Amino acid sequence: MAEEAEILELDGREVRITSPGKVLFDERGETKLDLVRYYVAVGEPLLRTMGGRPVLMQRFPQGASGKSFFQKRVPDNAPEWLETTTVQTVNGTPSRALVIGDLAHVAWAVNLACLGFHVWPSLADDQEHSDELRLDLDPMPGCDFAMVREAGWALKALLDELGLVGHAKTTGNRGLHVYVRLEPEWDAYQVRSAAVAAARELERRHPELLTAAWWKEERGERVFVDYNQNAPHKTVFGAWSVRARKGAQVSAPIGWDELDAIHPDELTIPVVLERFAERGDPWIDMGPQSLTPLLAFHDRDMADGLMDAPWPPVYPKMPNEPPRVAPSRAKAVEED
């Protein structure tokens, strides 16, 4: 017999959870209803970081160990109360995206087997401005998390020097994200320029540890500062969101005082719930800041004759961008 649906009342709305006992994570057997309850338990900090923002849903109909697909558009049979907005994809195609209005919206998406959320860096009602700089410390093969920790401290030192406060979270996998909440004064192109400048400055100061090289063949066994996570229309996996891993690891906000003690593999749903009960929200004091100090680095680099850093291939060719050809391929062409 089909499992009876569970009806939850969240923020004054009834949300129907079908197949509530469906196992989504194999290691401990967390179910769809367990995942909804997790998000409700961390609802206050979750909505502080994600509330009012468009999100991209990645659905896993067979659970975390199964195949997935991205759903860019909210289906036509969605509830009337669901908040949505029109967003543009990289190629200019409009999509009707989900906006996280409250916890009922989160539960509705989880019912569709959306495990975690890929979040826009702007609010739905002000998509002209990016109010978050997101610096992604992405370890290359051969790097362990000790190197990511070292990279995190190097980034914090740079931000401290500039009078900026960064907030760290695990990615839920191998890396680290550091967010700088911004005053809503800069567009995504300016925020990306600041990220490029930060990546290049970190590489100058720590060339054996960090790299701003876009081409993988040039990165080596270093931590890549992925500046292109700030490109227009780019989403990043959200804070408090659960990754599609059998252990239900969370992209967990952490305090800087915890960085040397934690490992992302350990930050599963039950561990994060226990940490939240004990420590609260490490990002509770996140406030808007100026991008000007990092843009000054960008202006200096441009004045010194540097070109823009390469963009991902899905974007149109940009002004002052170098050729989109891997260095080894360019060399082979020259030799021919």
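Select helix α4, residues 145–161. Helices here are DSSP runs of H or I with at least four residues, strands are runs of E with at least two, and both are numbered from the N terminus. The end C-alpha atoms of α4 are 24 Å apart, which agrees with the 24 Å expected for its 17 residues at 1.5 Å a residue. The expected span is 1.5 Å times one less than the number of residues.

Before moving on, note that this is a predicted model: local features need pLDDT of at least 70, side-chain atom pairs count only at pLDDT 80 or more, and totals for chains, interfaces and linings use all residues. Residues are numbered from 1 along each chain as its sequence is written, and side-chain values use heavy atoms, leaving out hydrogens and water.

**Around α4**

Colour the buried residues of α4, among them Phe 145, Met 147, Val 148, Leu 155 and Leu 159. Buried means under 20% relative accessible area, exposed means over 50%, and partly exposed lies in between (1.4 Å probe, protein chains only). Now show what covers them: the cover includes β8, β10, α5, β11, β12 and α7. Then step past the helix to Gly 163, which follows α4 and has a positive phi near 75°.

**Strand β10**

Next, select β10, residues 176–181. Of its 6 residues, 6 are buried. Leu 176, Val 178 and Val 180 lie on one side; His 177, Tyr 179 and Arg 181 lie on the other. Both faces are covered.

Add β8, which runs antiparallel to β10 and is joined to it by 6 bridges. Strands count as paired if DSSP finds at least two bridges between them. Look for Leu 135, whose bridge partner in β10 is Val 178.

Now add β9, residues 167–170. This strand and β10 pair in the antiparallel sense over 4 bridges. His 167 has Tyr 179 as its bridge partner in β10. The hairpin of β9 and β10 has 5 residues between the strands, and Gly 172 there takes a positive phi near 90°.

**Helix α5 and its charged side chains**

Go to Arg 204 in helix α5, residues 188–205. Arg 204 is partly exposed, at 42% relative accessible area. Beyond its neighbours within four places in sequence, Arg 204 is in contact (heavy atoms within 4.5 Å) with Arg 300, Asp 301 and Leu 306.

Select Arg 205 and Glu 201 too. Their side chains meet in a salt bridge of 2.9 Å, N to O. A salt bridge puts a side-chain nitrogen of Lys or Arg within 4 Å of a carboxyl oxygen of Asp or Glu. The two residues are 4 apart in α5, so about one helical turn separates them. Arg 205 is partly exposed at 35%, whereas Glu 201 is buried at 8%.

**Two more salt bridges**

By this rule the count comes to 23 salt bridges. Try Arg 53 and Asp 131, with closest N and O atoms 2.8 Å apart. This pair links distant parts of the chain, 78 residues apart. Arg 53 sits in the loop between α2 and β3, and Asp 131 in the loop between β7 and β8. Arg 53 is buried at 2%, and Asp 131 is buried at 10%.

Finish at Arg 275 and Glu 258, where the closest N and O atoms are 2.5 Å apart. Arg 275 is in helix α6, and Glu 258 is in the loop between β14 and α6, 17 residues apart. Arg 275 is buried at 16%, and Glu 258 is buried at 7%.
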